[in-house]
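The exercises below are meant to be worked with the sequence and the coordinates side by side. Try each task before reading the solution that follows it.

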Amino acid sequence: GVNNKVTSKTAGNSNALGKAVFAEEDVLFNYGNVISSTTEADKGTVEKFKVTNPTKVNSVVSFELATSNGGSPDDVSCFTVQPSSWDIPAHEYRFVSVYFRPKEMKPYRCSFKASVADSHESQDKPTGGTGSQMA
C-alpha cells in the first residue's frame with residue numbers, strides 16, 4: 001500500500017491566509033483561505049504529500065486529480081499535481097506537490113489519487129480549500 005503524510009509549506013506562501021489542515025479521520029486536506037494570484041507564472045499555494053513505499057520491491061506510483069463528491073468538474077482545474085508519477089525504491093519515500101490556485105472566492109474540492117502500477121491498491125484522498133480573488 002501507499003501511505004500518505006502531509007508536510008505543510010503554507011507558512012512561507014504569501015497567498016495563504018490561513019493554516020492548512022489535514023483531518024485524518026475524514027481523510028480530508030484543507031488549504032484554508034487562499035488569495036489567487038493575478039500572474040500566470042504563480043502556480044499557487046503548494047502542499048507536499050509524503051508517499052511511502054513500505055514494501056520490499058520498487059513501486060511505480062502514478063498521481064492524478066479528479067472530481068470529488070460535492071465538487072464540480074471545474075474545481076479540478078484549480079489544482080495541479082507534480083510530478084505525475086514516481087519510481088519509489090523499496091522502504092523509501094518521495095514527496096508529491098499539489099498546487100492550489102483558486103479562480104474566485106468559493107469552496108473547491110477534488111480527489112487526489114495515488115495508484116501503484118500492477119496493483120489493485122490505490123488511495124483516494126479528497127482535498128479542498130477556499131480562496132478569494134484579488135480585485
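**Exercise 1. How many salt bridges does the count come to by this rule?**

Solution. The model is a predicted one, and side-chain atom pairs count only at pLDDT 80 or more. The step of reasoning needs a cut-off: a side-chain nitrogen of Lys or Arg has to lie within 4 Å of a carboxyl oxygen of Asp or Glu. By this rule the count comes to two salt bridges. In one of them the side chains of Asp75 and Lys106 meet, with an N to O distance of 3.1 Å. Glu92 likewise forms a salt bridge with Arg94, where the closest N and O atoms are 3.2 Å apart. As general background, side chains of opposite charge can pair when their charged atoms come close.

**Exercise 2. Place Asp75 and Lys106 in the chain, then describe the accessibility of the residues in both salt bridges.**

Solution. Asp75 belongs to the loop between strand S5 (59-66) and strand S6 (79-82), while Lys106 lies in strand S9 (residues 106-116), so that the pair links distant parts of the chain, 31 residues apart. Turning to accessibility, Asp75 counts as buried at 3% relative accessibility, whereas Lys106, with a relative accessible area of 26%, is partly exposed. In the other pair, Glu92 is partly exposed with a relative accessible area of 34%, and Arg94 is partly exposed with 22%.

**Exercise 3. How many disulfides does the structure hold?**

Solution. The structure holds zero disulfides. Cys78 is in no disulfide, and the cysteine sulfur nearest to that of Cys78 belongs to Cys110, 9.1 Å away. The sulfur atoms would have to lie within 2.5 Å to form a disulfide, so the 9.1 Å between Cys110 and Cys78, its nearest cysteine sulfur, leaves Cys110 in no disulfide either. As for their surroundings, Cys78 counts as buried at 2% relative accessibility, and Cys110 is buried with a relative accessible area of 0%.

**Exercise 4. Which secondary-structure pattern does the protein chain follow along the sequence, and how much of the chain is buried?**

Solution. Begin with the elements: the protein chain has zero helices and ten strands, and reading along the sequence gives the pattern β-β-β-β-β-β-β-β-β-β. Next, consider the contacts between residues at least 6 apart in sequence, of which 66% join residues at least 24 apart. Finally, buried residues make up 38% of the 135 residues in the protein chain, and the accessible surface comes to about 7700 Å², with 49% of that surface belonging to carbon and sulfur atoms.

Notes. Residues numbered from 1 in each chain as written. Predicted model: local features only at pLDDT ≥ 70, side-chain atom pairs only at ≥ 80, totals over all residues. Heavy atoms only, no water. Buried < 20%, exposed > 50% of the residue type's maximum accessible area, 1.4 Å probe, protein only. Helix = DSSP H or I, 4+ residues; strand = E, 2+ residues; numbered from the N terminus. Contact = heavy atoms within 4.5 Å. Areas by Shrake-Rupley, 256 points an atom, 1.4 Å probe, with all protein chains shown as cover.
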